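Me: I'd like a close look at one helix pair in this model, and then a walk outward from there to whatever else you can tell me. Keep it relaxed, but name the residues.

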Amino acid sequence: MIPKAPFAALLIAAALPAAAEIAPAEIAERVAMVLASEPARSAMPGLLAYFPEEAQHMVDRLRAVVSEPDGFTAAGFERLSTLNAEIMAPILGMVAQAPDAELVALLDTQIRVLQGLASQPLLCARVVVEGPGALGPDHRYLTGGVLEEAYRQRFAVAHAQQGATPRRGPAHDADYAAISQLLADQGSDAAWFDRIAAMNPQDPGLCRTYTKYLTVARDADFPGADRIRADLATETGLY
């Protein structure tokens with residue numbers, strides 16, 4: 001999600017030397033470049049629609065960071081990711097308190113995203129681990145607005161929870177023990193669990209494995225399954 005360093009902009013920045021002073025025009029160009037890269041390009045419309053103050057705060061922080069001498073380097077983007085995570089944490093906290101039916105719908109979206117990448121397992125694995133920055137700018141998920149709609153869905157769910165009474169706490173160890181047992185009962189072996197633990201973006205089997213994880217979690221009905229769904233619906237790696 002937005003907390004991740006924009007991957008495309010980071011690659012470009014890596015080739016550029018840090019400057020002692022940044023001209024206003026160059027600052028504006030840097031801001032535009034980051035906002036045009038993923039995940040900002042797909043996430044920002046929904047963020048602006050449902051959380052305009054947070055969106056403006058994010059842009060202000062982006063402008064401040066890229067105005068610094070090392071702001072358009074890996075170190076600068078690391079700082080930006082940390083700042084953005086602080087902004088996003090309350091929003092994701094709202095998502096975690098959504099009705100279970102909304103969490104199921106969010107997992108449905110994640111599953112559809114991965115299923116659409118199943119024929120490209122290495123790309124899919126990178127998206128699972130790195131987020132949509134792994135997609136090329138011309139990928140149909142970006143040009144067709146698929147990721148933009150996924151972000152918008154998540155922000156809409158969060159917005160609906162503003163001021164609502166919290167309905168669940170964080171997932172317990174017992175909840176994860178229960179989902180692990182359910183996965184094992186459905187044929188997941190030690191290698192399967194190792195793959196989930198490793199989250200290797202170069203593993204072509206990760207796409208299928210993670211899709212199964214999301215599917216089993218979506219359909220689980222043991223006490224506390226909704227807390228697992230809340231965790232998965234608020235993870236920032238996939239989108």
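At roughly what angle do the axes of helix H6 (residues 100-115) and helix H9 (residues 146-160) cross, and within what distance do they come?

Reply: First, bear in mind that this is a predicted model. In it, the axes of H6 and H9 cross at roughly 165° and come within 10 Å. Angles over 145 degrees count as roughly antiparallel, and H6 and H9 are therefore roughly antiparallel to each other. The handedness of their crossing is left-handed. As for who touches whom, H6 brings Glu 102, Ala 105, Leu 106, Thr 109 and Gln 110, while H9 answers with Ala 150, Gln 153, Arg 154 and Val 157. Sort the residues of this H6 and H9 contact by class and you get four nonpolar, three polar and two charged.

Set that beside another pair, helix H3 (residues 40-50) and helix H4 (residues 52-66). Their axes lie 5 Å apart and the angle between them is about 130°, which makes H3 oblique to H4. From H3 come Met 44, Leu 47, Leu 48, Ala 49 and Tyr 50, and these meet Pro 52, Ala 55, Met 58 and Val 59 of H4. By class, the H3 and H4 contact comes out as nine nonpolar residues, with no polar and no charged ones. While you're at this end, look at the loop between helix H2 (24-35) and H3, where Pro 39 sits. The peptide bond running from Glu 38 into Pro 39 is cis, and its omega is near 10°.

Now jump to helix H12 and helix H13 (residues 225-234). These two pack at about 140°, with axes 8 Å apart, so H12 is oblique to H13. The crossing of H12 and H13 is left-handed. On the H12 side, the contact uses Tyr 210, Tyr 213, Leu 214, Ala 217, Arg 218 and Asp 219; on the H13 side, it uses Ile 228, Arg 229 and Leu 232. That splits into six nonpolar and three charged residues, with no polar ones.

Two of those H12 residues lead straight on to the next stop: Tyr 210 and Tyr 213 are also in the lining of the largest pocket. This pocket has a volume of about 170 Å³. Besides the two tyrosines, the lining includes Tyr 176, Ile 179, Ser 180, Leu 183, Trp 192, Phe 193, Ile 196, Met 199 and Glu 235. Helices H10 (173-185), H11 (190-198) and H12 (206-219) each supply at least two of the lining residues, and H10 gives the most, with four. By class, the lining has nine nonpolar residues, one polar and one charged.

One lining residue deserves an extra glance, and that's Met 199. You'll find Met 199 in the loop between H11 and H12. The phi angle of Met 199 is near 45°, a positive value in a residue other than glycine.

Conventions
Residues are numbered from 1 along each chain as its sequence is written. This is a predicted model: local features need pLDDT of at least 70, side-chain atom pairs count only at pLDDT 80 or more; totals for chains, interfaces and linings use all residues. Side-chain values use heavy atoms; hydrogens and water are left out. Axes are lines fitted to C-alpha atoms, for helices over the stretch in contact, and angles run from 0 to 180 degrees between N-to-C directions. Angles under 35 degrees count as roughly parallel, over 145 as roughly antiparallel, 65 to 115 as roughly perpendicular and the rest as oblique. A crossing is left-handed if the near helix is turned anticlockwise from the far one by less than a right angle, and right-handed if clockwise. Contact means heavy atoms within 4.5 Å. Ala, Val, Leu, Ile, Met, Phe, Trp, Tyr, Cys and Pro count as nonpolar, Asp, Glu, Lys and Arg as charged, and the others, Gly among them, as polar. On a 1 Å grid over the protein atoms alone, a cavity is a set of points where a 1.4 Å probe fits but cannot get out, and a pocket is an open set with protein on both sides within 12 Å along at least five of seven lines; lining residues have an atom within 4 Å of a point. Grid points are joined across faces, edges and corners, and a volume is the space filled by probe spheres set on the points.
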